[in-house]
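Trainee: I should like to learn how the features of a protein model with a ligand are read. May we go through them in turn?

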Amino acid sequence: MLKNIYDVIVIGAGPAGGKTAELAASLGLNVLVIEEHEEIGLPVQCTGIDSHRIIQLSGLKESDIVINKVNRARFYSQNGNFLELESKKTVYVIDRHKLDKNIAINAVKKGAEILTGTRFKDFKRSGNYLMVHTSSGNFKTKLLVGADGPNSSVARKAKIEQPKEYLIGYQETIKDDFSENIVELWFGKDITPDFFAWVVPENKNWARVGLAAKNKAVDYFRNFIKKRFKQEYDKKDVLGGVIRYGLIKSSVADNILLVGDAASHVKPYSGGGIIYGLIAAKFAAESCFLAVEKNRFDKEFLNKEYDQKWKKVLSPAIKRGLFLHDLIHIMPNWLFSLSLNIAKPFRPLLNNLDMDLLFNQ
Ligand SMILES: Cc1cc2nc3c(=O)[nH]c(=O)nc-3n(C[C@H](O)[C@H](O)[C@H](O)COP(=O)(O)OP(=O)(O)OC[C@H]3O[C@@H](n4cnc5c(N)ncnc54)[C@H](O)[C@@H]3O)c2cc1C
């Protein structure tokens, strides 16, 4: 039953929006989620590889979302030289459709309402409230959470500047023989000048193979496939999407906050955004609760209670990630290959590196 006024309207039922809604509703707020697609979690635009944190942060069981577990990663230079690292903690290959859907189900269980097949268009200020215009009508709210992904309409309408750096990711799920517990990461100017290519096994026969680049991602992908597989192949699940990365200057405006990819809660070195988005969702929900409790919806309050709080946790990791991203991608191929050799004696140290926050665990 739709309400006359909401405490919080969340745009986007991805993991960041769904989790913000679930946590805000469990704190007692009236929450409405607006999602443009009819089916939550589709279309999938993600490889679905995440650290052990995905279980605790999503609040889901392994059996709800996990397709495969991997514990080894091979970092290749384009001449085939590689460094293999072994993670002490399990790394999961997940079903992204089920992740989004199950988080949304939990949000509804906590009392949030979800309107699918509904597109956010714009908002207008009306006193201390916002009137949110959507393809299914207008809704009044105290707070608007933009969890609407890397090309956030909420950010655009609220004139919040998103980081400018972005990549286009392209992926196909390919049939071949794979080691089911080894992920491959391929670096090199001819593979993709801006990022890396990945091979993430679902099982022995199928792997999610993709890469990201600023331009011509599909062309680079075709070349990589020829190099890595050297044959005709069967495929399923073709997908693509935008990865926006960098440290956002401010993720808030009066009555408005951004979370997840909309706020570039993304690891700049891997493009992964689910873990950071779920971490930030907790800060978003708690700040919404405080804002409603204190009847403070102004930018200054949201800056102190949300922007500064998530940045305290995530901005050091994002800055380290940006440094690593830039360092890897300015290296000529020969230097990257040499670095892999230099790093080999340090494997025990590197095996302990936290893949989300980039420090030793
Ligand atoms: C090729 C590729 C591979 C990736 N692989 C990984 C990976 O392995 N691991 C990882 O952690 N991350 C990965 N990512 C990143 C990950 O997909 C994102 O970080 C994650 O989806 C962000 O979640 P979110 O909830 O912020 O946004 P999204 O998942 O983008 O959700 C936004 C939601 O908002 C909805 N929406 C948008 N506009 C509107 C509107 N106007 N009105 C209503 N609804 C709207 C969308 O339909 C969508 O459901 C990958 C990204 C790409 C492109």
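The dialogue below takes up the ligand site, the cysteines, the backbone and some pairs of residues.

Mentor: Please keep in mind throughout that this is a predicted model. Let us begin with the ligand.

Trainee: Which residues come nearest to the ligand?

Mentor: One starts from the residues that surround the ligand. Here there are 34 of them, and E35, H37, D50, F120 and D261 come nearest.

Trainee: How many residues of each class does the shell around the ligand have?

Mentor: Sorting the shell by class describes its chemical make-up. In this model 15 residues of the shell are polar, 12 are nonpolar and 7 are charged.

Trainee: Which elements each supply at least two residues of the shell around the ligand?

Mentor: One maps the shell back onto the secondary structure. Helix α1 (15-26) and the strands β3 (49-50) and β14 (235-244) each supply at least two residues. The most comes from β14, which gives 4 residues to the shell.

Trainee: From which domains does the shell draw at least three residues each?

Mentor: The shell draws at least three residues from domain 1 (5-45 + 96-163 + 248-324), and at least three from domain 2 (49-92 + 165-244 + 326-351).

Trainee: What polar contacts does an oxygen atom of the ligand make with A16, with G48 and with D50?

Mentor: For each contact, one should note whether the protein atom belongs to the backbone or to a side chain. A polar backbone atom of A16 lies 3.0 Å from an oxygen atom of the ligand, and a polar backbone atom of G48 lies 3.1 Å from a ligand oxygen. With D50 the partner is a side-chain N or O atom, 2.8 Å from an oxygen atom of the ligand. As for cover, the ligand on its own has 1,000 Å² of accessible area, and the protein covers 90% of it.

Trainee: Let us turn to the cysteines. How many disulfides does the count come to?

Mentor: A disulfide is a covalent bond between the sulfur atoms of two cysteines. The test requires a pair of cysteine sulfur atoms within 2.5 Å, and by this rule the count is 0 disulfides.

Trainee: Are C46 and C288 buried or exposed?

Mentor: The step here is to compare the relative accessible area with the cut-off, since buried means under 20%. C46 has a relative accessible area of 16% and is therefore buried. C288 is at 0% and so counts as buried.

Trainee: Where is the cis peptide bond?

Mentor: One reads the omega angle. The peptide bond from L42 to P43 is cis, with omega near -5 degrees. P43 is placed in the loop between β2 and β3. The loop between β2 (31-34) and β3 also holds E39, which is partly exposed at 32% relative accessibility.

Trainee: Which residues have a positive phi although they are not glycines, K216 and D237 among them, and where do they lie?

Mentor: One looks at the sign of phi and then at the setting. K216 has a phi of about 55 degrees and lies in the loop between β13 (206-213) and α6 (217-229). Its relative accessible area is 61%, so K216 is exposed. D237 has a phi of about 50 degrees and lies in strand β14. At 47% relative accessibility, D237 counts as partly exposed.

Trainee: Which backbone oxygens does the side chain of T141 reach?

Mentor: One lists the side-chain contacts together with the setting of the residue. T141 is in strand β9 (residues 137-146) and is buried, with a relative accessible area of 0%. Its side chain reaches the backbone oxygen of L143 at 2.8 Å and that of D7 at 3.4 Å.

Trainee: Finally, how far apart in space are E39 and H97, F229 and D176, and H133 and L324?

Mentor: One sets the separation along the chain beside the C-alpha distance. E39 and H97 are 58 residues apart along the chain, with their C-alpha atoms separated by 9.1 Å. For F229 and D176, the separation is 53 residues along the chain and 8.3 Å between C-alpha atoms. F229 is in helix α6 and counts as buried at 6% relative accessibility. H133 and L324 are 191 residues apart in sequence and 41 Å apart in space, C-alpha to C-alpha. H133 is in strand β8 (residues 129-134) and is partly exposed, with a relative accessible area of 21%.

Key. Residues are numbered from 1 along each chain as its sequence is written. This is a predicted model: local features need pLDDT of at least 70, side-chain atom pairs count only at pLDDT 80 or more; totals for chains, interfaces and linings use all residues. Side-chain values use heavy atoms; hydrogens and water are left out. Buried means under 20% relative accessible area, exposed over 50%, partly exposed in between (1.4 Å probe, protein chains only). A residue is near a molecule or strand if one of its heavy atoms lies within 4 Å of it. A polar contact is a pair of N or O atoms within 3.5 Å; within protein, one must be able to donate a hydrogen and the other to accept it, and residues adjacent in sequence count only if both atoms are side-chain atoms. Accessible areas come from the Shrake-Rupley method with a 1.4 Å probe; for residues, only the protein chains shown count as cover. Ala, Val, Leu, Ile, Met, Phe, Trp, Tyr, Cys and Pro count as nonpolar, Asp, Glu, Lys and Arg as charged, and the others, Gly among them, as polar. Domain bounds come from an automatic or database domain assignment.
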